[in-house]
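Student: Could we go through the side chains in this one together? I'd like to start with a single residue and work outwards.

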Amino acid sequence: IKSPTGKLYNFLEWSGTQMLAYDIDTMRRAIGAEKMSIVGYSYGTQVGAVYASIFPQSTDRLVLNGNMVPIPDKAELAVGAASGLTKA
């Protein structure tokens with residue numbers, strides 16, 4: 001991504017499950033919650049697990065309903081998601 005000043009930014013450096021966990025903790029602090037409870041389905045199981053791993057002191061209850069491969073093949077995951085979207 002190129003800014004109006006011409007500086008280049010790599011969007012992929014600031015995306016992903018770990019960055020989402022940091023965003024969730026930022027939200028937790030913004031609302032003044034001491035701890036966060038998370039219910040995760042599908043990809044949410046990975047998000048909840050990563051959040052609890054990074055912020056165990058800020059995790060209250062954690063329900064993970066499903067599973068994800070810990071290190072998914074991103075190309076295969078993208079193809080499967082695209083296939084599902086085209087059928088919807």
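Student: Okay, Tyr22 then: buried, exposed or partly exposed?

Tutor: Bearing in mind that this is a predicted model, Tyr22 has a relative accessibility of 38% and therefore counts as partly exposed, since that class lies between the 20% limit for buried and the 50% limit for exposed.

Student: And how many aromatic pairs turn up in the whole structure?

Tutor: The search finds 2 aromatic pairs. In one of them, the ring centres of Tyr22 and Phe55 are 5.3 Å apart and the planes stand at 80 degrees, so this pair is edge-to-face.

Student: Where do Tyr22 and Phe55 sit along the chain?

Tutor: They come from distant parts of the chain, 33 residues apart, with Tyr22 in helix H1 (residues 17-30) and Phe55 in the loop between helix H2 (43-54) and strand S2 (59-65).

Student: What about Tyr51 and Phe55, how are those rings arranged?

Tutor: Tyr51 and Phe55 form a tilted pair, with 5.1 Å from centre to centre and 40 degrees between the planes. Ring pairs thus link Tyr22, Tyr51 and Phe55 into a cluster, in which Phe55 is buried at a relative accessible area of 10% and Tyr51 is buried at 0%.

Student: Switching topic: which backbone oxygen does the Arg28 side chain reach?

Tutor: Arg28, which lies in helix H1, reaches the backbone oxygen of Ala33 with its side chain, at 2.8 Å.

Student: Is Arg28 buried or exposed?

Tutor: Arg28 counts as buried, because its relative accessibility is 10%. Leaving aside residues up to four places away in sequence, Arg28 touches several others, among them Glu34, Met36, Tyr51 and Ser58.

Note on methods. Residues numbered from 1 in each chain as written. Predicted model: local features only at pLDDT ≥ 70, side-chain atom pairs only at ≥ 80, totals over all residues. Heavy atoms only, no water. Phe/Tyr/Trp six-rings, centres within 6.5 Å; stacked < 30°, edge-to-face > 60°. Helix = DSSP H or I, 4+ residues; strand = E, 2+ residues; numbered from the N terminus. Buried < 20%, exposed > 50% of the residue type's maximum accessible area, 1.4 Å probe, protein only. Polar contact = N/O pair within 3.5 Å; in protein donor to acceptor, adjacent residues only side chain to side chain. Contact = heavy atoms within 4.5 Å.
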